[in-house]
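Thanks for coming, everyone. I'll keep this quick. Please look at the structure on the screen.

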Amino acid sequence: MKLEGDHIFKGPRNEVWDMFMDVDVLSSALPGMQKMEQIADDQFEGVLNLRIGPVSGVFSGKLTRTDLQPPEKCTLIVDGKGAPGFAKGTGNVVLSEQ
């Protein structure tokens, strides 16, 4: 499954990047996130209530930020397991001035 989309943040790119690097802001931006704790510089453990099509459930796993190129882009890698199965995903975040 491939998901794509855009979101426009109001503010300078540097400030948006700083917000994105904040664990509380990052966890509030992820739909269904119930709990997220930082376990290393760019690695987090969390619990996510997720629904993809007919499959829904609670997953626990890790989120890792990689390929950080402040304030332009980074990659988010999600790997989780739950009663419905497993969830893996990669998101490429690109911040550009408008």
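Which residue in the turn between E2 and E3 has a positive phi? That is Gly53, with a phi of about 60°. The turn belongs to a hairpin, with 2 residues between E2 and E3. One caution before I go on: this is a predicted model.

Let's stay with the strands. E2 and E3 run antiparallel and pair over 10 bridges. To find your place, take Gln43: its bridge partner in E3 is Thr64.

Now the other neighbour of E2. Strand E1 covers residues 33–40, and strand E2 covers residues 43–52. They are antiparallel too, joined by 6 bridges. Again we have a hairpin with 2 residues between the strands. Here the marker is Gln38, which stands opposite Phe44 in E2.

Next, charges. Side chains of opposite charge can pair when their charged atoms come close. How many salt bridges does a search of the whole structure find? The search finds 1. Asp42 and Arg65 are the partners, at 3.1 Å from N to O. This pair links distant parts of the chain. Asp42 lies in the loop between E1 and E2, whereas Arg65 sits in strand E3, 23 residues apart.

Is Arg65 buried or exposed? Buried, with a relative accessible area of 6%. Asp42 is partly exposed, at 25%. The cut-off for buried is under 20%, so Asp42 does not count as buried.

On to the helices. H1 spans residues 13–20. Its buried residues are Val16, Trp17 and Phe20. Looking down the axis of H1, those residues fall within an arc of 100°, so they line one face of the helix. What do they pack against? Helix H2, residues 23–29, is one of the partners. The others are three strands: E3 at 55–69, E4 at 73–82 and E5 at 85–94. Turn to the face of H1 that points away from the buried side, and you find the exposed residues Glu15 and Asp18.

Met19 is in H1 as well. Met19 is partly exposed, with a relative accessible area of 40%. Together with Phe9 and Val25, Met19 makes a nonpolar surface patch of about 240 Å². Why can Met19 be in a patch at all? Patch residues need over 30% relative accessible area, and Met19 has 40%, so Met19 passes that cut-off.

Two serines to finish. Ser27 is found in helix H2. At 18% relative accessibility, Ser27 counts as buried. The limit for buried is under 20%, so Ser27 falls within it. Leaving out residues up to four places away in sequence, Ser27 touches Met33 and Met36.

The other serine is Ser56, in strand E3. Ser56 is partly exposed, at 36% relative accessibility. Which residues does Ser56 touch, not counting those up to four places away in sequence? Leu50, Arg51 and Pro84.

How far apart are Ser56 and Met19? In sequence, 37 residues. In space, 29 Å, from C-alpha to C-alpha.

To recap on the pictures worth keeping. E2 pairs with E3 over 10 bridges, and 6 bridges join E1 to E2. The salt bridge is between Asp42 and Arg65. H1 has buried residues along one face, and exposed Glu15 and Asp18 on the face turned away. Questions, please.

Definitions and conventions: Residues numbered from 1 in each chain as written. Predicted model: local features only at pLDDT ≥ 70, side-chain atom pairs only at ≥ 80, totals over all residues. Heavy atoms only, no water. Patch = residues over 30% accessible without salt bridge, like charges linked within 9 Å, V, L, I, M, F, W, Y side chains within 5 Å. Areas by Shrake-Rupley, 256 points an atom, 1.4 Å probe, with all protein chains shown as cover. Salt bridge = Lys/Arg side-chain N within 4 Å of Asp/Glu carboxyl O. Helix = DSSP H or I, 4+ residues; strand = E, 2+ residues; numbered from the N terminus. Buried < 20%, exposed > 50% of the residue type's maximum accessible area, 1.4 Å probe, protein only. Arc of directions from axis to C-beta. Contact = heavy atoms within 4.5 Å. Pairing = 2+ DSSP bridges.
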